[in-house]
Amino acid sequence: MNEFKGKKLLIIGATTTECDIVRYAKAAGIYTIVADYHEDSPAKKVADKPVLINALDIDALVDFCKKEKVDGVITGFVDILLKPYMEVCKRLGLPCYITEKMLSMSTNKVDFKETCNKYDVPVPQTYLMGSKIDEETLKRISYPVFVKPLDGSGSRGAGVCNNETELKERFEEAVSYSASKNAIIEDYISGREFLLDYIAVGGEFRLLSIFDRFMASDRGSAINYSTISMSPSKAVDFYLEKVNPAVINMFKSEGFTDGVLFMQGYFNGKSVKFFEMGCRLGGSYFNHEQACLGYNAMDMIIRFALTGKMVEDIKTISEESARYKKYALDCNYLLKGYDETVAKITGMDKVEALPECIEIQKYHDVGYHYSKDRTVDRPIMVAEIVADNKDEVTRLVNFINKEYDVFNERGESLLMEKLNPEALFQ
């Protein structure tokens, strides 16, 4: 992307995940600006220009872009920032791939399910959508069921309920996470969870990747970080043959033409069911895409922000992209408990020295204190690995599990359970 040297890119949002966008753009010579209402947001420490503007204040963002002569606007991984991104681009006449329908399906679970049903894209049965549970609904529910906020994101306030008592408690929590104070009760779907990424270019679509999500036994039923994510997915062959045509037909019929789209669902070996969609960067697998495919969605959305085009010719992107020839893994190390302080981290240097480790995301360091809050997961480090075969996967995961640890002042490990790599191939 050397042709963009000196171009000004505004990134709406400045969390740790936006750091990836900043670094990628800066490496291409792009002048990076990040905006949110926190003075010390992580991405502000790596951007060329940090700006103290509320990311939801569209007027202020538009005024700033005009004064700064910004060439393009982008956002990253947060659903709530999609609408400001769309509105700012619209008012400035800058490229924006999101449509009103894409935004609705990404943030309104009712619209998502109704649209999927319209095009025979499989989703679970819904029992209720509302602010309270009536007695008639309670009588006809078959457990287990899954409860989630109507308009939530990141799995906050969502989870499995195995009986009426759990349902009532979880439903109340889900409502508290919903902007509209409504929640959904639906069939609990089982199998291996997966997350997939599409790109759209001029009305044509490519499935870039499917990552299976593996959880250690101490994980909750609704989380935003898997213990390990891995591609190629066990579902990839079934998906491409049986499900992919219906999903692409839905996207085309609803007028989606450009951008990135992710979907989450479950595969039980015989069927797929989806529970969520987004029109932003999803699992942050762009480093894996680059290492395994030679192209990635991060590059494409930055390019789109500055030119209005993701790639010159989508025919250069293989329709077999999701069938990775190597194993790509995100190994997430997550903190447990609360009212704890990170006093010591061991093994980080050994993980960084691994040639198969293509990227490491460090969320926190020694001195970090955390208390009980509404956060679902609290990552401290993610190791992104690319391996040639199953034996290499097992060796590498075992090595990182053994060497990397995080301790409190009492010498106790603060890490949640680490996944046995044997589970990846069962």
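How many bridges join S11 to strand S14? Four do, and the two strands run antiparallel. This is a predicted model. Its features below include an open sheet of four strands, an open sheet of eight strands and 31 salt bridges.

**Eight-stranded sheet**

- The strand order is S13-S12-S9-S10-S11-S14-S19-S17, with antiparallel pairing.
- Strand S13 (272–278) and strand S17 (357–362) are the edge strands, and each pairs on one side only.
- From one strand to the next, the twist averages 20°.
- Strand S11 covers residues 228–231. Three bridges join it to strand S10 (residues 204–214), again antiparallel.
- On the S10 side, Phe214 stands opposite Ile228 of S11. On the S14 side, Met230 has Leu329 as its bridge partner.
- In a regular strand, side chains alternate between the two faces of the sheet.
- In S11, Ile228 and Met230 point one way, while Ser229 and Ser231 point the other way. All of these residues are buried.
- At the S17 edge, five bridges join S17 to strand S19 (residues 379–387) in an antiparallel run. Here Ile360 stands opposite Ala383 of S19.

**Four-stranded sheet**

- The order is S5-S8-S6-S7, and the pairing is antiparallel.
- Strand S5 (126–130) and strand S7 (159–161) form the edges, each pairing on one side only.
- Neighbouring strands are turned by 20° against each other on average, direction ignored.
- Strand S6 (residues 145–149) pairs with strand S8 (residues 183–187) over five bridges, in the antiparallel sense. Val147 has Ile185 in S8 as its bridge partner.
- Helix H7 (residues 164–177) packs on this sheet and touches S5, S6, S7 and S8. The helix direction makes about 20° with that of S6.

**Helix H2**

- Helix H2 spans residues 58–68, and its buried residues are Leu61, Val62, Phe64, Cys65 and Glu68.
- Seen down the helix axis, these residues fall within an arc of 165°, so they line one face of H2.
- An α-helix has 3.6 residues a turn, so residues three or four places apart point the same way.
- The face turned away from the buried side carries exposed Lys66 and Lys67.
- The cover over the buried residues includes strands S1 (8–12), S2 (31–36), S3 (49–52) and S4 (72–75), along with helix H3 (82–92).
- Lys69 follows H2 and has a positive phi, near 55°.

**Salt bridges**

- Lys109 and Glu276 meet through their side chains at 3.5 Å, N to O. Lys109 lies in helix H5 (residues 109–118) and Glu276 in strand S13, so the pair ties together parts 167 residues apart in sequence. Both residues are buried.
- Glu254 forms a salt bridge with Lys118, with the closest N and O atoms 3.7 Å apart. Glu254 sits in the loop between helix H8 (236–253) and strand S12 (259–267), Lys118 sits in helix H5, and the two are 136 residues apart. Lys118 counts as exposed because its relative accessibility is 58%, above the 50% cut-off.
- Asp237 forms a salt bridge with Arg323, the closest N and O atoms being 2.9 Å apart. Asp237 lies in helix H8 and Arg323 in the loop between helix H10 (297–307) and S14, so this pair ties together parts 86 residues apart in sequence.
- Asp237 is partly exposed at 46% relative accessibility. Arg323 is also partly exposed, with a relative accessible area of 27%.
- Lys83, Glu87, Lys90 and Glu100 are joined into one network by salt bridges that share partners.

Methods
Residues are numbered from 1 along each chain as its sequence is written. This is a predicted model: local features need pLDDT of at least 70, side-chain atom pairs count only at pLDDT 80 or more; totals for chains, interfaces and linings use all residues. Side-chain values use heavy atoms; hydrogens and water are left out. Two strands pair if DSSP finds at least two bridges between them. Axes are lines fitted to C-alpha atoms, for helices over the stretch in contact, and angles run from 0 to 180 degrees between N-to-C directions. Contact means heavy atoms within 4.5 Å. Buried means under 20% relative accessible area, exposed over 50%, partly exposed in between (1.4 Å probe, protein chains only). The arc is that of the directions from the helix axis to the C-beta atoms.
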